[in-house]
Amino acid sequence: MAFVVTENCINCKHTTCVEVCPVDAFREGPNFLVIDPDECIDCNLCPVECPANAIFEEDEVPEDQRHFIKLNAELAQSWPAIAVRIDAYPDYEKWDGVENKLALLER
Ligand code: SF4
Ligand code: F3S
């Protein structure tokens, strides 16, 4: 079991989540972050840190976001670790809550 980053992180990428992770499980892509399920220890510290409410425990990922479980595992294989907060994505306010952002994901 692991925590999972879902769609609302795309083009928001606040990165406040990464600083609380005790095992540096976050991985960074161009406009999205994922959690490496092999590193996450289910500590539950990160969801509350996300202003976009994008992080869920695997069992609680909303039905229409379930595909992000596999996507986190897949992208974590090739993206580098991030453990220090950086500036949020440009225009992040505009993207918060926008639906169907998966098509915008850059790999
Ligand atoms: Fe890191 Fe804990 Fe979040 Fe897992 S639940 S990604 S270990 S902060
Ligand atoms: Fe993304 Fe939220 Fe972290 S927007 S980068 S999951 S703080």
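Begin by selecting Ala81, which counts as exposed at 56% relative accessibility, where exposed means over 50% relative accessible area, buried under 20% and partly exposed in between, computed with a 1.4 Å probe on the protein chains only. This is a predicted model, in which local features need pLDDT of at least 70 and side-chain atom pairs count only at pLDDT 80 or more, while totals for chains, interfaces and linings use all residues. Residues are numbered from 1 along each chain as its sequence is written, chains are lettered from A and ligands numbered from 1 in the order in which they are written, and side-chain values use heavy atoms, with hydrogens and water left out.

Ala81 sits in the loop between H1 and H2; helices (H or I, at least four residues) and strands (E, at least two) are DSSP runs, numbered from the N terminus. Not counting residues up to four places away in sequence, Ala81 touches Phe26 and Arg27, contact being heavy atoms within 4.5 Å. If you also select Lys101, you will find that Ala81 and Lys101 are 20 residues apart in sequence and 23 Å apart in space, C-alpha to C-alpha.

Stay in the loops and select Ile86, which is found between helix H1 (67–76) and helix H2 (92–95) and is partly exposed, with a relative accessible area of 37%. Leaving aside neighbours within four places in sequence, the contacts of Ile86 are Lys13, His14, Thr15 and Glu28. For one of these, His14, the C-alpha atoms of the pair lie 7.6 Å apart in space, although Ile86 and His14 are 72 residues apart in sequence.

Move next to Thr15, in the loop between E1 and E2, where the residue is buried with a relative accessible area of 2%. Its backbone deserves a look, since phi of Thr15 is near 65°, a positive value in a residue other than glycine. Most residues other than glycine have a negative phi.

A second residue to select for its backbone is Asn44, which has a positive phi of about 70° although it is not a glycine. Asn44 lies in the loop between E3 and E4 and counts as partly exposed at 48% relative accessibility.

Return to the loop between E1 and E2 for Asn11, which counts as buried at 6% relative accessibility. Which residues is Asn11 in contact with, leaving aside its neighbours within four places in sequence? They are Asn31, Tyr89, Tyr92, Trp95 and Leu104, and the C-alpha atoms of Asn11 and Trp95, 84 residues apart along the chain, are separated by 6.2 Å.

Asp36 is the next stop, placed in the loop between E3 and strand E4 (55–57). Is Asp36 buried or exposed? At 8% relative accessibility, Asp36 counts as buried, and beyond the residues up to four places away in sequence it touches Ala25, Arg27 and Ala76.

Now display H1, in which Phe68, Ile69, Leu71, Asn72, Leu75 and Ala76 are buried. The cover over these buried residues of H1 includes strand E1 (3–5), strand E2 (26–28) and strand E3 (33–35).

From there, turn to the largest nonpolar core, a set of buried Ala, Val, Leu, Ile, Met, Phe, Trp, Tyr and Cys residues joined through side-chain atoms within 4.5 Å. Of its 30 residues, Phe26, Phe32, Ile35 and Ile55 touch the most other members. The elements giving two or more residues to this core are E1, E3 and H1, and the largest share, five residues, comes from H1. Select Phe32 within it, whose contacts, leaving aside neighbours within four places in sequence, include Val5, Cys9, Phe68, Leu75, Trp79 and Leu105.

Two ligands come next, and a residue is near a molecule if one of its heavy atoms lies within 4 Å of it. Around ligand 1 are residues including Phe3, Cys21, Cys40, Cys43, Asn44 and Cys46, while ligand 2 is surrounded by residues among them Val5, Cys9, His14, Thr15, Cys17 and Cys50.

End at the largest pocket, which holds about 250 Å³ of space. A pocket is an open set of points on a 1 Å grid over the protein atoms alone, where a 1.4 Å probe fits and protein lies on both sides within 12 Å along at least five of seven lines, and lining residues have an atom within 4 Å of a point; grid points are joined across faces, edges and corners, and a volume is the space filled by probe spheres set on the points. The pocket is lined by 14 residues, of which Glu7, Asn8, Asp64, Gln65 and Glu99 lie nearest its centre.
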